[in-house]
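Trainee: I would like to learn how to read this structure feature by feature. Could we go through it together?

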Amino acid sequence: MLNELERRGPLLSRELADDSVRTWESHGWYGTRNTSVMLDILHGRGLVAIVGRRNGQRLWDLAERWYPETEKIPLREAERLLAERRFRAQGVRLTPKGWEAHPDVSADAVPDHVTLLSPFDRLIHDRDRAEALFDFRYRLEMYVPKAKREYGYYVLPILVGDRLVGRVEPLFDRKAGTLRVLRAWGDTSRLDEALDSLATFLGAKQLESHD
């Protein structure tokens, strides 16, 4: 696969020949295409890279063609640098003595802005950290059986200023061009502001808000 990418890359996964000795036995999460699974493995090892898209599908090539030359450093040093960059990006970190703010964090008040957070937003990506920082327990429940869900299939936290005040379960009907609110919890007094922004982003023609 690496040789083929070297000769003909960038390529779509389906343009790579499947010369595997045996078929990948999928457990239902990764699918059954050997080339796709192998590309993901090579990507995790830094040998191949996603370098673009063709008709919405990922284009793959050798990572060395796209990534700049870098100095190799020991694993412990890399982990230390990563932790420092994460600390600076997130602004605070939890230590045995409590919360510690990064020296570069601004002391100015957070703008009074309202928005809905993606389940993958870095502010809440670490669920335990988000709960400790905001006293807000959040879990993505799309893979939880419906009968066992606490809230809903795809629920978004509501961020107002520097506080997580509630959550909402929206549903976008693409055919009808309608953004609907199935349910909402917590302080929803400014939810309509966030929904207007989401509707604009999705290109929704109409919004059916909660009661």
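Trainee: Where is D135 found?

Mentor: This is a predicted model, and in it D135 sits in the loop between α4 and β7.

Trainee: What is unusual about the phi of D135?

Mentor: Start with the general idea: most residues other than glycine have a negative phi. D135 is not a glycine, yet its phi is positive, about 55°.

Trainee: Is D135 buried or exposed?

Mentor: Exposed means over 50% relative accessible area. D135 counts as exposed because its relative accessibility is 71%.

Trainee: Which other residue should I look at for its phi?

Mentor: Try N55, which is not a glycine either and has a positive phi of about 55°. N55 belongs to the loop between β2 and β3. With a relative accessibility of 75%, N55 is also exposed.

Trainee: And the backbone bond itself, what do I check there?

Mentor: Check omega, since most peptide bonds are trans. Here a cis peptide bond links G9 and P10, with omega at about 0°. P10 lies in the loop between α1 (2-8) and β1.

Trainee: Let us turn to sheets. In what order do the strands of the three-stranded sheet come?

Mentor: When you read a sheet, follow the pairing from one edge to the other. This open sheet has the order β1-β3-β2, and its pairing is antiparallel. Its edge strands, β1 (11-12) and β2 (48-54), each pair on one side only. Two bridges hold the antiparallel pair of β1 and β3 (residues 57-62), and L11 stands opposite W60 of β3.

Trainee: Which helix packs on that sheet?

Mentor: That is α2 (residues 34-44), which touches β2 and β3. The direction of α2 makes about 125° with that of β2.

Trainee: How many strands form the sheet that contains β6?

Mentor: Five, in the order β6-β7-β8-β9-β10; this sheet is open and its pairing is mixed. β6 and β10 (206-208) are the edges, each with a single partner strand, so one side of each has no neighbour in the sheet. On average, neighbouring strands are turned by 30° against each other, direction ignored.

Trainee: How do β9 and β10 run, parallel or antiparallel?

Mentor: They run parallel, joined by three bridges. Look there for R180, which stands opposite E208 in β10. Then add the helix: α5 packs on the sheet and touches β6, β7, β8, β9 and β10, with its direction at about 55° to that of β6.

Trainee: How do I read a hairpin?

Mentor: Find two strands and the turn that links them. β4 and β5 form one, joined through two residues. Four bridges connect β4 (residues 92-95) to β5, and the two run antiparallel. L94 stands opposite W99 in β5.

Trainee: What comes after β5?

Mentor: The loop between β5 (98-101) and β6 holds H102. Buried means under 20% relative accessible area. H102 is buried because its value is 8%. Beyond its neighbours within four places in sequence, H102 is in contact with E84, F87, R88 and G91.

Trainee: Which residues have the most contacts inside the largest nonpolar core?

Mentor: For a core, ask who is at its centre of contacts and which elements contribute. The largest nonpolar core has 16 residues, and L116, I158, V168, L179 and L191 have the most contacts inside it. At least two residues each come from β6 (114-116), β7 (156-160), β8 (163-173), β9 (178-186) and α5 (191-202). α5 supplies the largest share, five residues.

Trainee: What else should I know about cores here?

Mentor: There is a second, separate core of ten residues, including I124, F136, L140 and L164. Back in the largest core, you can follow L179 outward: leaving aside neighbours within four places in sequence, its contacts include L195, L198, A199 and L202.

Trainee: Last topic: how much space lies in the largest pocket?

Mentor: About 460 Å³. For a pocket, read the volume and then the lining. Of the 17 lining residues, Q90, V110, L123, F134 and D162 are the closest to the centre of the largest pocket. Helix α4 (residues 127-134) gives the most to this lining, with three residues.

How values were computed
Residues numbered from 1 in each chain as written. Predicted model: local features only at pLDDT ≥ 70, side-chain atom pairs only at ≥ 80, totals over all residues. Heavy atoms only, no water. Core = buried A, V, L, I, M, F, W, Y, C linked by side-chain atoms within 4.5 Å. Buried < 20%, exposed > 50% of the residue type's maximum accessible area, 1.4 Å probe, protein only. Contact = heavy atoms within 4.5 Å. Pairing = 2+ DSSP bridges. Axes fitted to C-alpha atoms, helices over the stretch in contact; angles between N-to-C directions. 1 Å grid on protein atoms, 1.4 Å probe; cavity = no way out; pocket = protein on both sides within 12 Å on 5 of 7 lines; lining within 4 Å. Points joined across faces, edges and corners; volume = space filled by probe spheres on them.
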